[in-house]
Amino acid sequence: MDMLLNPLNRRHRLRYDIPVVPGAFPLVGHLPAIVGDLPRLLRRAERTLGSHFWLDFGPAGQLMTCVDPAAFALLRHKDVSSALIEEIAPELLGGTLVAQDGGAHRQARDAIKAAFLPKGLTQAGIGDLFAPVIRARVQAWRDRGDVTILRETGDLMLKLIFSLMGIPAQDLPGWHRKYRQLLQLIVAPPIDLPGLPLRRGRAARDWIDAQLRQFVRDARAHAARTGLINDMVSAFDRSDDALSDDVLVANIRLLLLGGHETTASTMAWMVIELARQPVLWDALVEEAQRVGAVPTRHADLAQCPVAEALFRETLRLHPAVTLLPRRALQELQLGQRRIPAGTHLCIPLLHFSTSALLHEAPDQFRLARWLQRTEPIRPVDMLQFGTGPHVCIGYHLVWLELVQFCIALALTMHKAGVRPRLLSGVEKGRRYYPTAQPSMTIRIGFS
């Protein structure tokens with residue numbers, strides 16, 4: 001950890017009477033420690049400074065971070081705004097649901113949310129669309145014998161998302177290339193010159209948006225077709241409030257972004273845990289054999305409690321989204337502190353996912369905490385998807401595709417008499433920001 005903090009900046013300082021974490025570097029702040037070892041950074045700050053402290057996110061500025069469980073309530077608070085997200089990542093998230101509040105958020109969300117509910121996903125045949133794509137990919141892993149798992153789950157998720165849009169197979173390489181360039185906007189320095197990430201990322205975004213506008217036009221020209229994009233366009237056009245197509249295009253692009261890296265990371269961690277713990281694999285195989293086929297409807301998911309528990313426990317222990325930024329619109333009481341209006345806030349989801357105050361034996365991977373529960377799923381149990389007005393609209397879609405993946409993986413590998421095995425170390429090379437991911441070098445063998 002000390003290697004990731006600035007040894008020349010260890011002076012203790014206060015900002016608005018709240019301590020600033022020492023060790024920030026010029027320009028990049030605490031980002032090296034946030035990216036490289038966020039859990040230890042949060043634990044150290046809590047131990048030495050208390051439950052409230054400032055972290056420096058470099059270009060994104062300083063955010064007041066609170067590890068008191070009271071901070072979770074900020075996700076529902078009427079005087080806390082999500083608009084800070086757009087200011088931090090305007091090129092990617094401007095005009096999308098995650099960066100809007102109030103009436104603008106409700107208008108856009110209400111116009112498309114029906115397509116993402118279990119009924120809408122079933123009517124659009126999303127499970128039937130995904131199942132053969134997932135089966136084909138895990139069969140390819142079986143035939144190859146070993147894979148670099150995060151690269152493979154990332155490619156699989158892109159193929160699933162592109163299949164939602166009806167992109168022909170021959171066009172996929174071009175979309176892959178543009179998507180990778182789009183992601184450069186996450187870390188692009190604010191220098192707009194030919195050949196630099198900002199210029200390439202903006203060009204890729206404009207190309208993708210132009211393609212999405214054509215999808216919208218095609219959906220309107222063929223209104224009788226089914227599919228998620230067609231259903232989103234149809235629901236959007238039926239909404240009571242007139243919204244521009246810019247809103248629809250921005251949120252379809254959000255689907256492309258939000259459904260890729262976070263879900264791919266969770267999928268990779270699921271395979272890693274199955275390889276690390278043979279008892280988990282045996283339980284999943286037993287369930288998959290009993291079910292007999294990859295589920296295609298949300299009504300079928302109740303038959304797969306082990307796969308669902310694997311999905312939920314992986315998200316808890318290895319959260320793909322580690323931090324959420326917000327802004328206080330009014331002065332707030334947060335734990336034992338008064339927070340001034342206008343304060344930029346950081347809600348550390350990673351900390352709450354592994355907090356002993358919220359979970360028994362939080363560092364242990366336990367399916368039993370889900371299989372043996374008698375109460376309904378609580379907001380804190382699915383905090384990776386947010387809560388309140390900003391709960392992730394793709395929750396049911398992710399639930400479906402990850403359970404499908406688990407069953408397809410178990411059926412395919414067991415039929416061949418093989419199981420996942422770790423071929424490399426897990427902890428070295430993990431990343432925690434802007435999304436959390438296992439190392440790109442982790443290899444899984446099937447033998």
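Helices (H or I, at least four residues) and strands (E, at least two) are taken as DSSP runs, numbered from the N terminus. The model is predicted, so that local features need pLDDT of at least 70 and side-chain atom pairs count only at pLDDT 80 or more, while totals for chains, interfaces and linings use all residues. Residues are numbered from 1 along each chain as its sequence is written, and side-chain values use heavy atoms, with hydrogens and water left out.

**Exercise 1. Backbone geometry**

Task: Determine which residues a cis peptide bond joins, and locate Tyr 16 and Ala 361.

Solution:
- Step 1. The cis bond joins Tyr 433 and Pro 434, with omega about 5 degrees. Pro 434 is found in the loop between β11 and β12 (443–446).
- Step 2. Tyr 16 has a positive phi, near 50 degrees, although it is a residue other than glycine. Its place is the loop between β1 (13–15) and β2 (18–20).
- Step 3. Ala 361, also not glycine, has a positive phi near 45 degrees. This residue lies in the loop between α15 (349–353) and α16 (368–371).
- Step 4. As background, most residues other than glycine have a negative phi, and most peptide bonds are trans.

**Exercise 2. Helix α7**

Task: Compare the expected span of helix α7 with the distance between its end C-alpha atoms, and state how many of its residues are buried.

Solution:
- Step 1. The expected span is 1.5 Å times one less than the number of residues. For the 16 residues of α7 (residues 149–164) this gives 22 Å; the end C-alpha atoms are 23 Å apart, which agrees.
- Step 2. Burial is judged by relative accessible area: buried is under 20%, exposed over 50%, and partly exposed in between (1.4 Å probe, protein chains only). In α7, 13 of the 16 residues are buried.
- Step 3. Just after α7, Gly 166 takes a positive phi of about 70 degrees.

**Exercise 3. Salt bridges**

Task: For Arg 144, Asp 282 and Glu 313, identify the salt-bridge partner of each.

Solution:
- Step 1. A salt bridge is a side-chain nitrogen of Lys or Arg within 4 Å of a carboxyl oxygen of Asp or Glu. By this rule the count is 34.
- Step 2. Arg 144 pairs with Glu 152, the closest N and O atoms being 3.0 Å apart. Arg 144 is partly exposed at 47% relative accessible area, whereas Glu 152 counts as buried at 9%.
- Step 3. Asp 282 pairs with Arg 419, with closest N and O atoms 2.8 Å apart. Asp 282 lies in helix α13 (residues 278–291) and Arg 419 in the loop between α17 and β11 (420–422), so the pair ties together parts 137 residues apart in sequence.
- Step 4. Glu 313 meets Arg 316 at 3.0 Å, N to O. The two are 3 residues apart in helix α14 (residues 305–317), separated by about one helical turn, and both are buried.

**Exercise 4. The nonpolar core**

Task: Identify which residues touch the most other members of the largest nonpolar core.

Solution:
- Step 1. A nonpolar core is a set of buried Ala, Val, Leu, Ile, Met, Phe, Trp, Tyr and Cys residues joined through side-chain atoms within 4.5 Å.
- Step 2. Of the 107 residues in the largest core, Leu 284 and Leu 409 touch the most other members. Helix α17 (residues 395–415) supplies the largest share, 14 residues.
- Step 3. Apart from this core lies another, of 21 residues, among them Ile 18, Leu 75, Val 80 and Phe 352.
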